[in-house]
Amino acid sequence: MRPFELKSPRTLREAILALPDDHRPGGARLLAGGQDLLTVLGGDIEQPDALVRLAGVPDLDQLVVSPNGDLELGALVTVQALADHVGVQQAFPALAEAASSIASPQIRSQATVGGNLNQRPRCPYYRHPDVVCFKKGGNTCLAEFGYSKYAAILGGGPSYFVHPSDLAPALLALDATFHLVGKTGSRAVRAREYYVLSDVALDTESVRRADEVLVKVTVPAQPKGMRSTYYKFKERSSYDFALVSAAVAVRVAGGKIAEARVVLGGVAPKPWHAPEAEAALVGQPMAGAAWRAAGEAAVKDALPLEHNGYKVHLVKGVLHRALESIA
Ligand SMILES: Cc1cc2nc3c(=O)[nH]c(=O)nc-3n(C[C@H](O)[C@H](O)[C@H](O)COP(=O)(O)OP(=O)(O)OC[C@H]3O[C@@H](n4cnc5c(N)ncnc54)[C@H](O)[C@@H]3O)c2cc1C
């Protein structure tokens, strides 16, 4: 790990002023729980000149379910606090399940919501200190023609990493909004519009500008009767990232699916909203035929690489299990 300056702002304004104007390599980075950033630094994958520690900034650790059922989630709320919150478990099960699926209790107790949503790719090539891929300013994606077991089957190219966050698909399915504050003011971005594919940007995974802090996430009270879940398939039974996951929210009325939201994880460089799968569900009875049709629709445009064709089948199974579990 190379030397860096540690800045400990006491206000949000001080934190923002310590951030660079662009995502250039070597610029200052925000430090939350450090569970991703410190491994990135330790592996010499990034070499920031300064870390801006968020822990001293007040009011970023609030977790509130309001009387009307809306959720407000500060960026410094830990993943474990989110998983343990009874109000979240009852009103937003997909989010609580996604949180409890992440890593280990030790990591969850340090990892924050803001850090989880902004963590960098876990692609083994990106994480290798000797590889200079597209994501590190190079001119190749080794996953495309090399070992592609963990790579994207949807939305890939030029880079084929998959977005690693478990919280992100759940928040997209619950129609959350991300709130950002930067040097020029604040803005709210719908979670569905926060993440970008690698043909839009290679030096970042989202629309967040380098001088912006994600300060909080808000989730609206879900429509009456809406049920949600997060189903994650991982390679190891102990902690692991998703090979494929599905966040689903479904409302059934009069025996038919009236509303459906489907977001996949582990398949694309961003959490993958699947409107085709939603269309296959709406208007159908909440039963196997619709779940199978949704799975087929979700992977209709999949373009697997040499070693990840299994993910096409896995998406169908994971989606079926997720829908079955809330039926
Ligand atoms: C062994 C292991 C297993 C893991 N398994 C999983 C898993 O199964 N599922 C999963 O989803 N994750 C998993 N993770 C990743 C882990 O969840 C993240 O590393 C963690 O959530 C990051 O949060 P943090 O607060 O530690 O962020 P940090 O490491 O401090 O920051 C991560 C990134 O986010 C940026 N950042 C932090 N806060 C903000 C903010 N408020 N606004 C803007 N940018 C910000 C930082 O600059 C940095 O680039 C695993 C990690 C490890 C080490």
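Reader: What makes up the largest share of the shell around the ligand?
Author: Helix 7 does, with three residues. This is a predicted model, so local features need pLDDT of at least 70 and side-chain atom pairs count only at pLDDT 80 or more, while totals for chains, interfaces and linings use all residues. Residues are numbered from 1 along each chain as its sequence is written, and side-chain values use heavy atoms, with hydrogens and water left out.

Reader: What makes a stretch a helix here, and where is helix 7?
Author: A helix is a DSSP run of H or I with at least four residues, and a strand is a run of E with at least two, both numbered from the N terminus. Helix 7 covers 113–117, and it joins strand 2 (29–31) and strand 8 (213–219) in supplying at least two shell residues each.

Reader: How many residues surround the ligand, and what counts as near?
Author: There are 30 of them, and the closest are Leu-30, Gln-35, Leu-37, Thr-112 and Asp-166. Near means that a heavy atom of the residue lies within 4 Å of the ligand. By class, that shell holds 15 nonpolar, 10 polar and five charged residues.

Reader: Why do the ligand distances for Ala-32, Gly-33 and Asp-240 count as polar contacts?
Author: A polar contact is a pair of N or O atoms within 3.5 Å. For Ala-32, a backbone N or O atom sits 2.8 Å from a ligand oxygen. For Gly-33 the matching distance is 2.7 Å, and for Asp-240 a polar backbone atom is 2.9 Å from an oxygen of the ligand. Those values fall within the cut-off, so the name fits. As for cover, the ligand alone exposes 970 Å² (Shrake-Rupley, 1.4 Å probe), and the protein buries 95% of that.

Reader: What makes something a cavity rather than a pocket?
Author: On a 1 Å grid over the protein atoms alone, a cavity is a set of points where a 1.4 Å probe fits but cannot get out, whereas a pocket is an open set with protein on both sides within 12 Å along at least five of seven lines. Lining residues have an atom within 4 Å of a point.

Reader: How many cavities turn up, and what lines them?
Author: Searching the whole structure gives two cavities of 30 Å³ or more. The largest has a volume of about 70 Å³, and its lining includes Cys-123, Cys-133 and Cys-141. That lining splits into 10 nonpolar, one polar and one charged. The second largest cavity is about 40 Å³, with Met-1, Arg-2 and Pro-48 among its lining residues.

Reader: What can you say about the second largest pocket?
Author: Its volume is about 350 Å³. It has 25 lining residues, and the closest to its centre are Arg-122, Tyr-150, Val-162, Phe-241 and Ala-242. Strand 10 (residues 242–253) gives the most to that lining, with three residues.

Reader: How do you know that strand 4 and strand 5 pair?
Author: Pairing takes at least two DSSP bridges. Strand 4 (residues 63–65) and strand 5 (residues 71–74) have three, in the antiparallel sense, so they qualify. One bridge links Val-64 with Glu-72. The two strands form a hairpin with five residues between them, and Gly-69 in the turn has a positive phi of about 95°.

Reader: Which way do strand 5 and strand 8 run, parallel or antiparallel?
Author: Antiparallel, joined by four bridges. Gly-74 has Lys-216 in strand 8 as its bridge partner.

Conventions: Polar contact = N/O pair within 3.5 Å; in protein donor to acceptor, adjacent residues only side chain to side chain. Nonpolar A, V, L, I, M, F, W, Y, C, P; charged D, E, K, R; others polar. Points joined across faces, edges and corners; volume = space filled by probe spheres on them.
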